[in-house]
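Got your viewer open? Here is a short tour, with a suggestion of what to select at each stop.

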Amino acid sequence: MASFWRREPPAVVLALAAVVATTASLRLGLRLTNPTTAALLFLLVILITAATSRLWVAIVTSVAADLCLNYFFMPPFGTLTIADPQNWVALFVFFAVGLIGSQLSAAVRDREQEASARRDELGRLFDLSRDVLLTTDSTEAIRQLARFVARRFDLDFAAVCLPRAQQWDIYEAGARSITLDPRELVQAFAGAESALEFDARARTYAGHRTIPIDGEEVRLIPLRFGTKAIGLLAAAGRPVEPDTLDALAGVVAIAVERAQFLEERKAAEVARRGEELKSALLASLSHDLKTPLTAIRVAASNLKAAWIREHDREEQSDLILAEVERLNRLFQNILEMARIDAGSIPTDVRWVHPAEIFEAARDQIEHTLKHHRIVVEDGSDRLVRLDPRLTASALAHVLENAAQYTQPKSPIDVNISVSTDGLTISVRDHGPGISPRDLPHLFDRFYRGTQAGQRVSGTGMGLSIARGMLAAEGGRVWADNCADGGAQFTIVVPAESKVMTEQV
Amino acid sequence: MSRTARILLVDDEVPIQRAVAPLLRARGYDVEVVGTGTAALESERTRPPDLIVLDLGLPDVEGTEVCRRIRAESAVPIVVLSARGGETDKVAALDLGADDYVTKPFGPEELLARIRVALRREFSPDGAPYGRLRAGDLTIDYDRRRVLMGDVEIRLTPKEFELLALLARSADRVLTHRAILKAIWGANAVDQPEHLWVLMAQLRKKIEPDPSHPRYLLSEPWVGYRFASESAEG
């Protein structure tokens, strides 16, 4: 009501002032008393009023103009009585013309306003459909859709309600939060499913429903994809034309279908990647299993053979042990990878000295590191609080990688430092470095360097496992090439740290 | 065997080298070990071996390519080691002139048997195309084009005899489907393995004691057929 008083009185006041001004200028300024001239001028004022303001303002103006015409311009002047019967007719005609003119003019203006509102709503619909088309994230898509609807249509409350097996998924947005009663939704949805006629008078399809909740009129509009009802749109706040709501529901229905399609496509993509992983794993396994198995099989029968000499016997049993170790490591990798995939890596956090982690890592891959010189720089006198088992395992994979891709006897530098952010371990080798083509994929599962070819025995699992394990404790690992040759891997694990207390 | 046969072992996997080389040496072969295709080709030229054991998964040159290049220069027998599950590589190597193959993981006896067969061909290059061949109860008389099971003659069609004779001449060696099709039906028939399949079924019915468990005509799935001169069980 406040806005009404702010907008309407000036119009009435202005219109009446115009009538008074016209009267005054004619009578006092020009000293004219010709009723015809006055009537035409008043008519002009009425029509202008009708064109710019509301119908009732125009009617009030007509009445005022009528009275003025009678009082000031029709003899006897200064009274509301009319002497000449002809003037009765003139006055009535004037009043009628004023009214009809007002009505016509107001109708034109209403239509124009309606058209502009329609344009505005079309614009909103267009913006909404563009929002919808630009959405690619399928998981958030429907929630975002509700937000778009609320924003584009200035609604206090908008909700996309989708029926699921047992309950309703409700994605709501807007400044107000309204709790929708599932029973109401079920009822409205049943109505939407059963009827599909177009109601020409209401200019909507069947199934619209208005329910009062907390003193707010909440409109429920069926979402239809084709002829099939797929859910409901709830809207409250700014009034929106029913046919616009229908169009809005159409856009929302398409968006919901699109989001579901995106979701399905993503699931299919995940499944496809899973298949790819599986076949990559199989290919990798069949290669990596067959060499050690062949060596073990041949060496074992060599051991049994009559020809074997003492020197050969030792050589062949060493070979078997080494290959069994290799198989063991392979199975460990597979198990670790399966656990990373299942997301079931338990973390066991405790206070530990960084040197312990390095030693544990070195022990795990003693065999591979045999031919390399490891230079450790560990200036830390601080303890860190993290999962030493996971960290050591990840470090072992990184060290193993460094040993495999560099010449025997070449040094591997390990630098361990503790800062307020946590533990940083860098492993730097003096090998050929990492080809720029490999860098982005280094930690991808089953990725093998393009340069290394088959020279290096590896499964393409180690670095991806290292990354997975570190991720489980919030850490990360990355690689880059050193300016003076060789590659450097950096492991960072966020952790609390404290100065070691001397214990006696 | 009048002299020690020289074997060139080509495999980049050190564990295989360490297990197989002593095995071959213990059986009296003179063994040279190399880890790359380039080294293999080099060694083949400078110190011609009597047989090459060639791994198909080499780091520098594709194993099949090594096979092709060796065959372009020499008829030395090649036994291929294949770690890949795919039969494609094996068949390609065989069609490029390899004599036989062993699939990893193999047992020592399997490898030694293949080497023996391949060397036998090398040391008697004619492969006994004339005269008679006896295997178990089966006698193949090449001169008269007759086949006897014990004392009973088995009537074979000309194509059936051709197939049996072809396989028996390369006894204990695998022949690829392609090679057999080409030898019997000509180069145009190499993509029609169904001919071979039908003919083999007929032949097995006539000479195999139990056609569903062949004793003489063994299948190497997806690769080819092999004539077994000795019973697998025996």
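Start by selecting chain B: 40% of its 234 residues count as buried. Keep in mind along the way that this is a predicted model. Colour chain B by secondary structure and you can pick out 8 helices and 12 strands. If you like contact maps, draw one for this chain: among contacts with a separation of 6 or more, 55% join residues 24 or more positions apart.

Next, stay in chain B and select residues 158-169, helix 6, together with residues 193-207, helix 8. At what angle do these two helices of chain B pack? The angle is about 85°, and the axes lie 10 Å apart. Because angles of 65 to 115 degrees count as roughly perpendicular, helix 6 of chain B is described as roughly perpendicular to helix 8 of chain B.

Now show the side chains where the two helices meet. From helix 6 of chain B, pick B:K159, B:E160, B:L163 and B:L164; from helix 8 of chain B, add B:L199, B:Q202 and B:L203. Colour this set by class and you will find 4 nonpolar, 1 polar and 2 charged residues.

For the last stop, bring chain A into view and select its contact with chain B, made of 22 residues from chain A and 19 residues from chain B. On the chain A side, helix 7 (242-304) and helix 8 (310-342) each supply at least two residues. Which helix of chain A gives the most to this side? Helix 7 of chain A does, with 13 residues. Coloured by class, the chain A side shows 8 nonpolar, 8 polar and 6 charged residues.

Definitions and conventions
Residues are numbered from 1 along each chain as its sequence is written. Chains are lettered from A and ligands numbered from 1 in the order in which they are written. This is a predicted model: local features need pLDDT of at least 70, side-chain atom pairs count only at pLDDT 80 or more; totals for chains, interfaces and linings use all residues. Helices (H or I, at least four residues) and strands (E, at least two) are DSSP runs, numbered from the N terminus. A residue is buried if 20 or more other C-beta atoms lie within 10 Å of its own, exposed if 12 or fewer, and partly exposed in between; C-beta atoms are placed from the backbone. Two residues are in contact if their C-beta atoms, placed from the backbone, lie within 7 Å. Ala, Val, Leu, Ile, Met, Phe, Trp, Tyr, Cys and Pro count as nonpolar, Asp, Glu, Lys and Arg as charged, and the others, Gly among them, as polar. Axes are lines fitted to C-alpha atoms, for helices over the stretch in contact, and angles run from 0 to 180 degrees between N-to-C directions. Angles under 35 degrees count as roughly parallel, over 145 as roughly antiparallel, 65 to 115 as roughly perpendicular and the rest as oblique.
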